[in-house]
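Got the viewer open? Here is a walk through the model, one selection at a time.

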Amino acid sequence: MYAHPPKHLYCNYQFPFETRVEIAAEAVKKSENGGTRVDDSDQAWLMLTLRRSTLQIPALSSYGDRSSTTSDDYSGIIAAHATEMSQTGRDIAPFEPVSCEVLIQQIRTFSPIPSSNAPPHSVTSHLDSVSGALRDAAVTIRYNAKWFAEPDLAELLEVALEAAAASSASVDLYSGVELVDVVGIYSALPPQSLLLVARFLAQTHYNATRANKTRKLADRVWVTMRRVLESHLGVQYVAALLQMIREEDYAALDPKVSYARLAAAVNIISEKLLFGEGGVAESELPTPQTAELLDSLQNATHHGNEHVQDLIMDAITTIITRNDTTDTADMDWHKLLAAARSCIDGLHNRQLARGLVGRIATKSDRFESTDQVAIAWMCIDISQPLSTVLREALLSHYAKLLPVRDWSKFHDIITPLSRSDEYTEELQMLMGRSIADFTNTTDAFFISAYAETLQQIIERPATTKNAAAVLGNELVRTFTHCIMSATQPEEFNTLFDALCDASKACSVVTKSLLLIRADAEGAVYYPIHGYHYNISGVRLSSFDATILHIIQDCQDWEIYNHIINELPALLSNHALFDDRSEFIQQLREIVCEQVESGSYLGPPKESGLTKSHVAAHLIETLTAILSYHHHLTKQEMLSVISTVLSTAGSRDYIVSIPCIHALTICCYELPDTISGYMDDIIDKMSKLVTQRYLAIHVLLFLAGLSRLPDLFHSNFRTQDYKKIFGVCGSYLQSIRGSTGHVDLRQIADDKSSKSSSAEQADALPQYVYALTHHVIAFWYIALKPEHRREQKDYITSLLRHNNADGETVLEDQGLVTIDLMDRIDADHYHSADSDAAFFFDPLAGRITLQHRLIGLLLITTETSLKLRETKITVRRPTGTATRAISNWIGNTESIVTAIKSDKDFLSILPYDPDGTTYGRIFKPSPSSTLGPIASELITTLPDDDAVTRAIQSIDRTPGLDSHKAGVIYIGEGQKTETEILQNVQGSPDYITFLSALGTLRPLHNAPFNTQGLDRTSDADGPHAIVWNNQVTELVFHITTLMPNDADPSLNTANKKRHIGNDFVNIIFNNSSAPFDLDTFPSQFAAVYIVIAPSARTSFLQTRRLRTDGLRRRGDDDGQQLRGDAFFSVRVLTKPGYPAVSSAATEKIVSAGSLPGYVRNLALNDCVFAIMWHSREGEGGEYPSSWRSRLEQLRRLKERFGG
C-alpha cells in the first residue's frame, strides 16, 4: 500500500467536480516531485479525472512506459485497461474506477459520430465495431454494476445511444437496445437519461417496424420499453414520450429522425398504452392523462408536415375509440376538439381529415353547443355531411345572425357552405330564413348589399352548381320581391345589375332573366305567378351586355345551352328590342362569326350532343335576327344569308335543316334580297340530295318557293328549272332503288325503328314519293308557257324508269302527273272557267249525248243538231274541263297540246266524219303518254244507267287535291275548350289574317268540296274561306264563322265535329299564355300551327295600335295587318308525330307574310298528315283523288273497252 490521498476524495461524486480536480492535481504534483507514489489504479483515476478538466499537467512518467505520454494523450492508459481486463468483462480489477470512462472511450473509438474526446490514435483492443463496444459495455455493467455511478452511467448511455442511433446496422441498434435493457435490469436508468433513452427506443422501434426483416428488432425494443414502463420509472417514461410529442425540436433534426421519434411516440401511446392487442389496453402499464396527451398532440401540430398531421389524427381517433370502450372520466372534449382543429387547420389535403372529423361528428352529442357549431364547420371545411345534431346546432346558431348587416360576416358564413353539394339543404334552410327576414325590410341599401353579396358568392369559382342554384333562387326571389314591393328605381337597377352578373355563373338566374318581355306598346314586364309586373325603369343595357357576354365568352355549358335554346324565343319579342339596334347588330356579328369559324362552345361528352347541336341553335338565332331587317344594313342582311347558305350541307342534317328553314323565312320576309341568291340556293338544294334526311325539307322548300313566282320568274333560266326537276328525279330514283318498281310499304316497315323527327320522316318514303310529284306539279304550273315545252320531255323521262326486266315503267303517280301537265297545257289554250257554266238555249231542240273513252280520257259530247252547238266535257284523272263549240263550222277543240295532223282528230258526230259540220276534237298523238291510241281503240260507251252511275262517281271525286284545316281563335285569358269555341269574332289582327288566308266563298249549294261544311241550311255558317290553285284546294273550318248554339255543350259539339276531325288546326292564340296541346282532345288532330303576337297584346291594344299604324300610312281600307307587327309561328305536334315543318321551332314572321306562310305550312302538313295516318294502308302510297279517278276510268275501260 502506498500513501496517497484517499481515493474516495477524488472519486467521490458527492464532491463538486472542481474539488475533485484540485485533489487529483495535488496528488499528481506530489508524485512528479518525488513525493508519495500513487499506485497504478489510483493513478488511472487521477489521470482520467484531470483529463476531463481543463488543467494542463505534465505526463505521468511513473505509469508503465510513459516517457512518450503527453498530457493530451492517454491511449496508453486505455490500452493497458483493455489489455488487462478480463475478456469476459466480469473481472475489471484493478480498473474499477476507470472502467466507465474506458468503455466510453472504446465506444467513441468506433462511433460514426466525430468527437473531440475520442482518442486520436487507434487503440489495441479485442473489439472491432460499435456493436462490440456496446456489448462489452453491457457485459461489464451486468457483472460490475456497483462500480458505475449514476453520472458516469448517464454519460455512457448518451455516448452509446448516440453511436447506435447514428449507425444504420441492425446489430448496432440491437446492441444499443441490449445495453439499455442491461442498465435497467442490473443497475438503474438515470432519470436524466430517460428522455434520451425514450428517443432512442422510439426511433429504433419505428424504423424496425418498417420492414419485415427487422421485425424481431422491433419486438426486442418493445420488450425493453415494456420493462421500463413496468418499473418505477414507467410514469416518467410516459411523460418523456409526451415531452417528445410536445417539445421535439423538429427544425434542428433530420426530418426522418424527427418523424420517426414522433411517430413512434404517438404509436406507442395509441397502440400499446391506450389500446393493446385485440383493442384492449394492458392494465399494468401506465397510461397518459387524456388532457396531457391532447395538449401534446395539439402542440405537435405546429411542427409537423401532412404525414405528422395524419399520425396525430389517428391518435385522436384512437382516443375517441378508447372513450367508446372505456369510461374515461378525464376526457376533455373541448381539448380534443381544439387538438383536432389545430391538426386539420394545418392540412393542405383536407381529405386526410375526413376520418377524424367523421369520428368526432359521431360524438357531437357529447360536446357543448358552441363546440357543436365548431364541429359543423370542421365538417364543412372538408365537405363532410352534417349529422342531424350538427345541422340543428348550426342552423340554430346562425338563424339569430341572418341576415346580418355585416356583409363580410354574411359572406364568411355562406361561402363555405357553397363549396360543396353536401350542404345544399343547409344552405337552403339558412337562405330561407334569411329571405324571410329580408322581405320585411324596406332598407334600400340593405337590399342592394344583400343582392351584391349573393352575386359575389355565386361568381366565385369554388361555388358548386347546386349551391349557385340555391343562391340564385334567393337572388331571383329578392328580385321578384322588389318588383312586387315597388322598390325605388336606383336600388332596383342595382339589384338588376347583380342579377345580370350572376346569370353569367348560374343557370337558374339565367333562366329567370330570360323571362323578361315587353308588351306591344313597349312596356317591359316580368311574369310572376301568371301576373305581369311592369319594370319599365330597368337598365336594359345590362341585360344586353349579359346576353352578348354569354354568347361570346361563356364556358359554362348549362348556361350557354339555355341561352342558345331560348334566344330565338326572346328575339321574337320585337317590342323588347325595337329601340336597341346596336344590340341586334352586335349579336348578328358575333353569331355570324361563330358559325363561320366554328368558335362556339361545344357540348360536354356526357351530354350526348355534338357541336352540330350548337350550330343548329345559332342558325335559329340568325333566323330570328332576320326579322329585324329594318335594324340592319343591306350588307349585314346579305352577311346573314351568306352565312346560312354556306353552312347548309357543310355539317350533318341537324345543321342543314334549320338552314333550309331560314332560307324559307327569307323567301317570305326578304324577297327582294333573297331573289339575288336564287341561283345559289337552287344549286345548294341540288347538292343536298346526298343527305337523305333532308329530302322532305328540301322538297317542302321547293314546294313553297313554287308559290312565290316573283322570286324566280325574272331570274330563272332553263337550267335553273332543270335543276329543280333534277332534284325531284334524284329523290324518285333513290326511293325506287336501282331497278324495278318500289314497294313503299316494305320500305316503311324496314325503317319503322327510327326515332328522331328527321329519321321518322325518312322512315316514310311514300311521303317523299308523293311530295316529289307534288313539287313537279307545282313547278310545272309555275313555269311560264314558253318554258313548259322545254321541260316537259325532261320531266317525263324522270317519271319513267326501267324495272328489273329492263321494261320501261310509268307508275300511276307519274301517269297522273303527266296528265296534269297535259291538262295545264290544254287549259292554257282555252279557259275552262268561261265554259263551265255553258247551258243550251231552250230552243236548241234535241240534244245528242255521246260518251267515248280515248285512252284514259272520257269525252262526253252534248250536241244541238239544230243550233250546231256542242258542249264537250273532258274527264281525266286530274280533273274535268268543259269546252263549247258553237256557230263555227269546222271548229276543232284540243284536249292536249300535241303536234296535230289531219289524222289526229275525232269527229263530234259519227255521221260527220270530217267534222266539217259539227266540229272535231284533236286527240292525243301516238307519242303522247296517254297513247298511242289508234282510232279502232276508241270506245263508245252505251247510254245506260251503269255508265251514268260510273260517270256520276267520277264527278263526285274532286279533280283538285282537296284538304281541310281548322282555324281557332283564343282570346284574352281563355283556357278551356268551351269558352274558346264560343268565340264568334277575334281581334282586328285575327280578322285581317283571315281575310288574306283565302277567298270568302258562300257555302249554300257550293260547287266545291266543302270538306263536311253544310251546303243547305247554313248550319255551319253562310260562308267559308277557301284557297285553291290549279292543283290543290284548301278549305278552312273557321270556328268564329260558325254560329253558336244556345246550349254551350251543343255548340262545342257542333264545332268540334269539324276541327276534331281535322288533322291540322291553326291556332290564333291571343291569350298571352302558351298553347296546351290537350286543350282540344281529339283522336285525329295531330298538328297545331300556333300563331301568337310577338308581344303580349290586349284586344284594345290591337285596335289602338292598328289604328295608329294605318293612320301613319294613310291606309283606310282596314284590310291590311299592321306593317310593324310581328307574330311567332310554331308547329306543335302530338307525341310520336314527326316534326317536319319549317316552323317546328319557333319562327318570327311579319304580319304581311303571315297568311301566305301559315297557309303553306297548313297545306304541307295536311299532305303529310294524310300520309302519316294512312301509312299502313293505301298500298303505302298517297291516297290521291287523282289516282282514284284514274282507277275509275280504268274500270270503265276494262268493262266496256275490252
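Which residue in β3 is the bridge partner of Pro527? Select Pro527 and look across to β3: the partner is His532.

Before moving on, a word on what you're looking at. This is a predicted model, where local features need pLDDT of at least 70 and side-chain atom pairs count only at pLDDT 80 or more, while totals for chains, interfaces and linings use all residues. Residues are numbered from 1 along each chain as its sequence is written, and side-chain values use heavy atoms, with hydrogens and water left out.

**Stop 1: the β1-β2-β3 sheet**

Stay where you are and select 524-528, which is β2, then 531-534, which is β3. Helices (H or I, at least four residues) and strands (E, at least two) are DSSP runs, numbered from the N terminus. Four bridges join β2 to β3, and the two run antiparallel. One place to see this is Ile528, which stands opposite Tyr531 in β3. The two strands form a hairpin with two residues between them. Click His529 in that turn: phi there is positive, about 50°.

Now add β1 (517-518). You have an open sheet of three strands in the order β1-β2-β3, paired antiparallel; strands count as paired if DSSP finds at least two bridges between them. β1 and β3 are the edge strands, each pairing on one side only. Next, show residues 465-484: this is helix α22, lying across β2 and β3 and running at about 115° to β2. Axes are lines fitted to C-alpha atoms, for helices over the stretch in contact (heavy atoms within 4.5 Å), and angles run from 0 to 180 degrees between N-to-C directions.

**Stop 2: two helices side by side**

Jump to 678-687 (α33) and 718-736 (α35). Their axes come within 9 Å and cross at roughly 25°, which makes α33 roughly parallel to α35 (angles under 35 degrees count as that). To see who touches whom, show Asp679, Ile682, Asp683, Met685 and Ser686 on α33, with Asp720, Lys723, Ile724 and Val727 on α35. That set divides into four nonpolar, one polar and four charged. Here Ala, Val, Leu, Ile, Met, Phe, Trp, Tyr, Cys and Pro count as nonpolar, Asp, Glu, Lys and Arg as charged, and the others, Gly among them, as polar.

**Stop 3: the five-stranded sheet**

Head on to an open, antiparallel sheet of five strands, ordered β9-β8-β7-β6-β13. Its edge strands are β9 (879-886) and β13 (939-941). Neighbouring strands here are turned by 25° against each other on average, direction ignored. Select β6 (residues 847-854): three bridges join this strand to β13, and His851 stands opposite Leu941. Then show α42 (residues 945-956), which lies across β6, β7, β8, β9 and β13, at about 70° to β8.

While you're here, pick Arg868 in the loop between β7 and β8. Arg868 has a positive phi of about 55° although it is not a glycine. Its relative accessible area is 39%, so Arg868 is partly exposed (buried means under 20%, exposed over 50%, partly exposed in between, with a 1.4 Å probe and protein chains only).

**Stop 4: one more positive phi**

Last pick: Gln1011, in the loop between β15 (999-1002) and β16 (1023-1028). Phi of Gln1011 is near 55°. Buried or exposed? Gln1011 is buried, with a relative accessible area of 17%.

Now zoom out. The protein chain has 48 helices and 21 strands, and of its 1202 residues, 57% count as buried.

Definitions and conventions. Parallel < 35°, antiparallel > 145°, perpendicular 65-115°, else oblique.
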